[in-house]
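Here is a quick tour of one protein model, mostly about its pockets, with a stop at a helix pair and a couple of backbone oddities. Have the structure open as you read.

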Amino acid sequence: MVTELKISTAAGVFDAIVSGPPEGRPVLLLHGFPQTGAVWREQIEALAAHGYRAVAPDQRGYSPGARPRRPEDYRMGLLVDDVVAITEELGWSAFDLVGHDWGGAVAWWTAHAHPGRVRTLTVVSTPHPGALATTLRTDQDQRARSRYMIDWRDTPATEERMLAHDAQELRGFYAGKVPQDSAEAYVRHLSRPGALTAALNWYRAGRPDSAIGVIDLPTLYVWSTEDSAFGPAAARETGQWVKGPYRFETLQGVSHWIPEAAPETLSRLVLEHLRTHGEASTEPQRTPQGSSTP
């Protein structure tokens with residue numbers, strides 16, 4: 001059973017959903033834009049069924065109780081601090097970390113900043129920030145895919161445009177890609193006063209305060225061929241930024257919205273990754289990049 005949870009930290013109160021035995025191996029799942037922790041419901045149920053304790057918070061700005069107004073309050077360092085504060089409040093000294101979209105970016109940065117706390121890393125869709133930076137310099141296709149971020153960052157009225165005409169533009173992000181009831185729930189959530197501005201402040205917060213290096217943790221990266229935001233160049237480049245055991249999975253014909261578009265496949269991959277890198281397991285060789293999952 002998936003239940004609701006409120007997690008109080010110095011930065012505010014985070015809403016979350018949770019399932020699994022309290023003594024189970026802890027897994028934190030981070031959502032992206034424009035969704036909430038509910039994007040992980042099927043993965044949480046799968047993890048709980050296998051004895052894991054899975055928690056998916058609504059991140060900073062998405063939780064009404066942790067919604068500062070200034071764009072600079074959404075800097076990456078603060079988002080990483082939220083992950084640490086949430087897990088400390090949960091009593092987790094170490095945990096497995098999963099992230100999608102912006103949640104994937106936070107997961108990469110958290111794994112880099114706190115490798116002693118993160119047991120394994122799973123990132124869905126989002127390439128390593130260093131890989132993305134490289135391809136933004138060298139790959140015209142990725143520059144074109146990322147152009148929307150500049151628009152959202154630099155246009156003050158972006159949220160007004162997205163919510164106009166019964167949130168027509170916002171609804172278009174989900175159309176035909178996520179279940180209709182999930183899309184309606186996201187639209188309701190982000191239509192509340194201040195919610196969409198807070199979510200867009202992730203784009204407006206500015207560059208991270210420091211550079212990110214390679215990740216020396218067991219890492220699973222799942223990318224899909226129909227991802228409109230992140231192209232194949234950045235996906236392939238990501239392996240150059242991981243020196244721990246690495247598995248790269250490509251989902252053919254799947255959109256950017258992997259947790260809901262391919263929930264069973266993603267749940268299987270996450271569970272395999274966690275089993276492979278259990279506390280008593282030995283580290284296997286790196287899986288060759290470019291492996292493909294139908």
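## Pockets, a helix pair and some backbone details

Let's start with the second largest pocket, whose volume comes to about 620 Å³. Its lining has 27 residues, and Ile17, Thr36, Ala38, Arg41 and Ala185 sit closest to the centre. Two or more lining residues come from each of β1 (3-9), β2 (12-19), α1 (41-49), α8 (180-190) and α11 (258-261). Which element gives the largest share of this lining? That would be α8, with six residues.

Bear in mind that this is a predicted model. Confidence is summed up by a chain average pLDDT of 93, with 95% of the residues scoring at least 70.

Now for the largest pocket, at about 1,000 Å³. Here 32 residues form the lining, and those nearest the centre are Leu132, Leu136, Met149, Arg207 and Pro208. Four helices, α3 (102-113), α4 (129-138), α6 (147-154) and α9 (195-204), each put at least two residues into that lining.

Here is how the two pockets look side by side:

| Pocket | Volume | Nonpolar lining | Polar lining | Charged lining |
|---|---|---|---|---|
| Largest pocket | about 1,000 Å³ | 21 residues | five residues | six residues |
| Second largest pocket | about 620 Å³ | twelve residues | five residues | ten residues |

Two of the helices that line the largest pocket, α6 and α9, also pack against each other, at an angle of about 115 degrees and with their axes 8 Å apart. Is that crossing left-handed or right-handed? The crossing of α6 and α9 is left-handed. On the α6 side the contact uses Tyr148, Met149, Trp152 and Arg153, while α9 brings in Leu200, Tyr203 and Arg204. Sorted by class, this contact has five nonpolar residues, two charged ones and no polar ones. Met149 turns up twice in this story: it belongs to the α6 side of the helix contact, and it is among the residues nearest the centre of the largest pocket.

A couple of backbone details are worth a look too. The peptide bond from Phe33 to Pro34 is cis, and its omega is near -10 degrees. You'll find Pro34 in the loop between β3 (26-30) and α1. Further along, Asp101 has a positive phi, near 55 degrees, despite not being a glycine. Asp101 belongs to the loop between β5 (95-100) and α3.

Finally, a word of caution. Across residues 280-294 the pLDDT stays under 50, and the model has 34 contacts beyond four places in sequence for this stretch. Where pLDDT is low, the predicted coordinates should not be read in detail.

Note on methods:
Residues numbered from 1 in each chain as written. Predicted model: local features only at pLDDT ≥ 70, side-chain atom pairs only at ≥ 80, totals over all residues. Heavy atoms only, no water. 1 Å grid on protein atoms, 1.4 Å probe; cavity = no way out; pocket = protein on both sides within 12 Å on 5 of 7 lines; lining within 4 Å. Points joined across faces, edges and corners; volume = space filled by probe spheres on them. Nonpolar A, V, L, I, M, F, W, Y, C, P; charged D, E, K, R; others polar. Axes fitted to C-alpha atoms, helices over the stretch in contact; angles between N-to-C directions. Left-handed = near helix turned anticlockwise from the far one by under 90°. Contact = heavy atoms within 4.5 Å. pLDDT = per-residue confidence, 0-100.
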